[in-house]
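Visitor: I'd like to know how the labels people put on a model like this one are earned. Could you take me through the reasoning?

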Amino acid sequence: MIHVELLRMVRRPRTWMNLILLCALPIIVAVFIAVTNLVPAPGQGPAFLSAVLSDGSLYPAAGLAIVLPVFLPVSVAVLSGDGVAGESGTGMLRYLLTRPVARTRLLTAKLVGTMSFVVTAVILVAITSYITGVLAFGSNGLKPVSTSSSSGAVSSATTGVSIGTVSTSLSGTPLGTGQLIVRVAYGIGYISVSMLGVAAIALFLSTLTDSALGAALGALAVLVTSEVLATLDAAGSVKAYLPTNYWLAWIDLFRDPILWHNVIRGLGIQGIYAVVFLGLAWANFSTKDVTG
Amino acid sequence: MIETRQLTKRYGAVLAVDRVDLGVREGDRYGLLGPNGSGKTTLIRMLLGLVFATSGQIEIDGCPVPRRVAQVLPRIGALIEGPASYSYMSGRANLALLDSAGPGPGGGRRSRRARVEEALERVGLAGVDRRPVRAYSLGMRQRLGLAAALLRKPTLLILDEPTNGLDPRGIREIRDLLIELNKDGTTVLLSSHLLGEVEQLCTRIGVLDRGRLVIQDELAALRAPTDRILLRTPDADRATALLDGTLLSRDGDRLIVRGVDPAQLNAHLVGEGVRVAELVRERRSLEDLVIEATQPGSDRVDQSATAPAWPHPDPAPDPHTVPAPDPDPDPDPDEMTSAEEGTR
């Protein structure tokens, strides 16, 4: 069933449209910056953006930072919310289940499909952003362009700011190309895992309803709530458990040495959300009357 | 082949299927009849493990369902409540995808193309091109759904309204196909509310009414001649006098006579100089049987009905009252009971 799901996604025009849009956003931003030479002041706007003017090869990180907070989670929510509810809506669910495809296997295939999309999307964004960045801003290669040493190590990634003087690493020490590639790879991995929570929540909602749109909207509502609570001091006690809380922790991967603390906590939170909601999805779906 | 015992499905307060003992034997062409909302689809979905029964048992080919349904499903081809497909792919791609989704015997990748082509040919879609299913007509989609059911050469076909959307020629083609498959050993369970379709195709009949299986028998037995003879004669008055005692009723020149031998009756009448225009032993029509055994379908919503349309209020509607004006000016033409209700 997993290969069937992947094949189906590859053949589906919507998947490609989604990927193209995801890759296009950083390109559009790059074009504007290259034309105007205006970047957000350090500490404002998407991470890394202020640094790309001096080194285009950092643009993959900037591209990911542009896509991560909204665009990617929306795609994941739509895709994952479509998982079971979409099949139910077209009537294919009953034909798949009587083929037979075991219900657990169907859920697994849906999750694998969504996560494959995420990894593909993140890698494609990184690659297209790199090409865009080098073309638009040029590459400084190995030459360190430290302007000033930043106190990045103490800045909190959860606020998503204070990445002022990045040129090489956030901590001011130069990173070799090899190191940069390793860090970007870590970043890609971490961002992909960050989407696991959304995917699991959307998939669970998808087993509750026959409306793919409803499931996607539900998952987005959870994300928006989480983002709102994150900025609210009154909700400080639950902040550490919000699904979006550690999304920006991957920025710590670009510090020297890497600050693992938030990254590991982020992975843990995503793991918990995945286990809980996939468990709920499984429990609900495997006992559900399929009438759609 | 299929056996259910006291099978019951309850949705909240609604009893969709009520203590049904269905028995489909190997080699049957079994027709499941019943008004809309009588539980046909719920019953079929339970057989396929899609809906879980509230109580009761199902056994298919000796395997308990839904516990070991995965074991029997590879041998079952099903069409449930209309065909479905991924509309952005061609029919061929859809079948190949469905085929590769399923495990089990006869599922090798190398023979997949051949299986798909054969299934398409069986349903009359052999020449179909690469258009996406989105561009198919209703009839083509129905045929594609049947092809999907036939992919793995099932020994049991469970078809819900298989000729929906087909033109008369298409209906006949599918009927011939099902009879041919049945001759080759495939058991067919088919649900429909089209009596004609079932009458021409099926060997055994089950009738569902409000979740209960009210009739289950061989079609031939159900349609067995009665002990009454229908007679039409221009000399009705003389015949009435002659047949005193065996005459059951008279309507103009039409008489209903008790008896089982039309030939003897004919000889008797002609011997007395009574001319006989028509003479035939009465047979019950399937339609009469079904309408006698069932209540109006759940898609009929009369104004007088204060309770929800389904389940129906328990007492049978009084046959002498004229039904309240139907709020729906264009009732479903397939609905079996609406037209006859007032006259029964």
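Guide: What follows is a short talk about helices, cores and a sheet in this predicted model.

Visitor: Why are helix 2 of chain A and helix 4 of chain A called roughly antiparallel?

Guide: Look at the angle. The axes of helix 2 (residues 13–36) and helix 4 (residues 71–90) of chain A cross at roughly 170°. Angles over 145 degrees count as roughly antiparallel, so that label fits helix 2 and helix 4 of chain A. Their axes also come within 11 Å.

Visitor: Which residues make that contact?

Guide: From helix 2 of chain A, A:Asn18, A:Leu22 and A:Leu25; from helix 4 of chain A, A:Phe71, A:Leu72 and A:Ser75.

Visitor: And what is the make-up of the contact by class?

Guide: It has 4 nonpolar and 2 polar residues, with no charged ones. Leu and Phe count as nonpolar, while Asn and Ser fall among the polar residues.

Visitor: What makes the pattern of chain A a run of α and nothing else?

Guide: Chain A has 10 helices and 0 strands, and reading along the sequence gives α-α-α-α-α-α-α-α-α-α. Of its 292 residues, 51% are buried.

Visitor: Which residues touch the most other members of the largest nonpolar core?

Guide: That core has 157 residues, and the ones touching the most other members are A:Ile201, A:Ala202, A:Ala219, B:Leu47, B:Ala147 and B:Ile158. Helix 6 (residues 103–137) of chain A gives the largest share, 12 residues. Apart from this core lies another one, of 9 residues, including B:Ile229 and B:Leu265.

Visitor: What does A:Ala202 touch, leaving out residues up to four places away in sequence?

Guide: A:Val76, A:Ala77, A:Ser80, A:Gly81, A:Ala215, A:Ala216 and A:Ala219.

Visitor: Over to chain B. How do you know which strands are the edges of its open sheet?

Guide: The 4 strands come in the order 13-14-12-15, with antiparallel pairing. Strand 13 (247–251) and strand 15 (278–283) of chain B each pair on one side only, and they are the edge strands. From one strand to the next, the twist averages 20°.

Visitor: What makes strand 12 and strand 15 of chain B a pair?

Guide: Pairing takes at least two bridges. Strand 12 (residues 225–232) and strand 15 of chain B are joined by 5 bridges, so they qualify as a pair. One of the partnerships is B:Pro225 with B:Arg283 of strand 15.

Visitor: Which helix lies across that part of the sheet?

Guide: Helix 10 (residues 262–271) of chain B, which lies across strand 12, strand 14 (254–258) and strand 15 of chain B. Helix 10 runs at about 150° to strand 15 of chain B.

Methods. Residues are numbered from 1 along each chain as its sequence is written. Chains are lettered from A and ligands numbered from 1 in the order in which they are written. This is a predicted model: local features need pLDDT of at least 70, side-chain atom pairs count only at pLDDT 80 or more; totals for chains, interfaces and linings use all residues. A nonpolar core is a set of buried Ala, Val, Leu, Ile, Met, Phe, Trp, Tyr and Cys residues joined through C-beta atoms within 7 Å. A residue is buried if 20 or more other C-beta atoms lie within 10 Å of its own, exposed if 12 or fewer, and partly exposed in between; C-beta atoms are placed from the backbone. Helices (H or I, at least four residues) and strands (E, at least two) are DSSP runs, numbered from the N terminus. Two residues are in contact if their C-beta atoms, placed from the backbone, lie within 7 Å. Axes are lines fitted to C-alpha atoms, for helices over the stretch in contact, and angles run from 0 to 180 degrees between N-to-C directions. Angles under 35 degrees count as roughly parallel, over 145 as roughly antiparallel, 65 to 115 as roughly perpendicular and the rest as oblique.
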